[in-house]
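I opened this notebook to record what I looked up in the structure shown below. The entries follow the order in which I consulted it.

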Amino acid sequence: MGTFCELEKRGDIFFLTLTGEGDNDQHGLNPDAIEAVKAALEKAKAEATRGSVLITTARGKFFSNGFDLAWAQAAGGSATEFKERLLKMVECFRFVVAELMSFPMPTIAAVNGHAAAAGFALAMYHDYVLMRGDRGSVMYMSELDIGMTFPDYFTALMRSKLGAGNRSTLRDVMLRATKLKAEDGVKLGIVESAHDGVEAAVEAAVRLAEELGGWKWDGEVYGEIRKSLYPEICGALGLSSRAVYSPRRV
């Protein structure tokens with residue numbers, strides 16, 4: 001998994017932590033970083049049992065500042081090469097979020113700091129988002145400010161999770177690049193709870209994970225129900241849902 005992230009298992013809970021070692025303290029999602037996250041998810045998936053839950057968080061000021069534009073610009077200054085590198089990140093990241101949409105366990109994002117663009121999307125692709133509410137941490141779709149359109153699977157995510165009942169907010173997030181604080185997210189129903197500090201957010205995520213894991217749901221059934229809940233997202237990602245029957249013995 002390299003140095004971008006770490007995966008740790010404590011009891012039934014998997015902790016995926018974006019470490020940002022080296023010069024990637026904003027947890028930029030370049031191809032190597034995306035591959036590291038994907039490898040961590042695959043490892044957790046392979047080791048999953050009934051009662052498993054995933055918590056994703058990060059160290060430092062940022063949860064993730066989105067796609068690594070510095071890596072894209074390192075192509076040498078060519079606009080064509082920059083676009084090709086950007087599209088590569090968009091396509092690589094598609095596989096990570098597709099994994100999260102079909103993941104065989106509940107998923108929780110404990111957002112420790114700023115989450116922008118693909119970082120915002122990464123948090124939102126989890127089932128539950130808990131957020132640090134102090135120090136001005138925000139969630140922010142920065143594509144308009146950067147100067148790029150939204151990948152289709154980002155738009156589907158925003159429409160599915162933010163659009164229902166919040167059309168004006170969806171407009172402002174996508175067409176005004178409005179920044180959402182933790183309390184804004186709670187009011188909109190996209191953030192489960194806001195906390196005074198990252199430690200409190202992670203502790204609350206653990207309590208939620210213990211509650212969810214205690215039900216010992218079948219992971220395959222859980223993943224398929226999640227996919228059926230968000231047909232627009234799954235359509236953009238090319239995922240199909242299927243019927244699974246795995247009753248518990250009584």
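The entries below concern sheets, strands and nonpolar cores.

I noted at the outset that this is a predicted model.

I turned to one sheet and found it open, with four strands in the order S4-S6-S8-S9 and mixed pairing. I recorded S4 (62–64) and S9 (179–181) as the edge strands; each has a single partner strand, so one side of each lacks a neighbour in the sheet. Neighbouring strands of this sheet are turned by 20° against each other on average, direction ignored.

I then looked up how S6 (residues 114–116) meets S8 (residues 138–140): the two run parallel and are joined by two bridges. Ala116 has Tyr140 of S8 opposite.

Next I examined strand S7 (residues 128–132). Is it enclosed or left open by the rest of the structure? Four of its five residues are buried, so I entered S7 as largely enclosed. S7 pairs in the parallel sense with S5 (residues 107–111) over four bridges, and Leu130 of S7 stands opposite Ala110. S7 also pairs with S10 (residues 193–195), again in the parallel sense, over three bridges; here Met131 has Ala194 as its bridge partner.

Finally I searched for nonpolar cores. The largest comprises 65 residues, and Phe67, Phe93, Tyr125 and Tyr153 have the most contacts inside it. Helix H3 (residues 79–101) supplies the largest share of this core, nine residues. Leaving aside neighbours within four places in sequence, I listed contacts of Phe67, among them Leu29, Ile34, Met89, Phe93 and Tyr153. A second, separate core has 13 residues, including Ile13, Phe15, Ile108 and Ala204.

Note on methods. Residues numbered from 1 in each chain as written. Predicted model: local features only at pLDDT ≥ 70, side-chain atom pairs only at ≥ 80, totals over all residues. Heavy atoms only, no water. Pairing = 2+ DSSP bridges. Axes fitted to C-alpha atoms, helices over the stretch in contact; angles between N-to-C directions. Core = buried A, V, L, I, M, F, W, Y, C linked by side-chain atoms within 4.5 Å. Buried < 20%, exposed > 50% of the residue type's maximum accessible area, 1.4 Å probe, protein only. Contact = heavy atoms within 4.5 Å.
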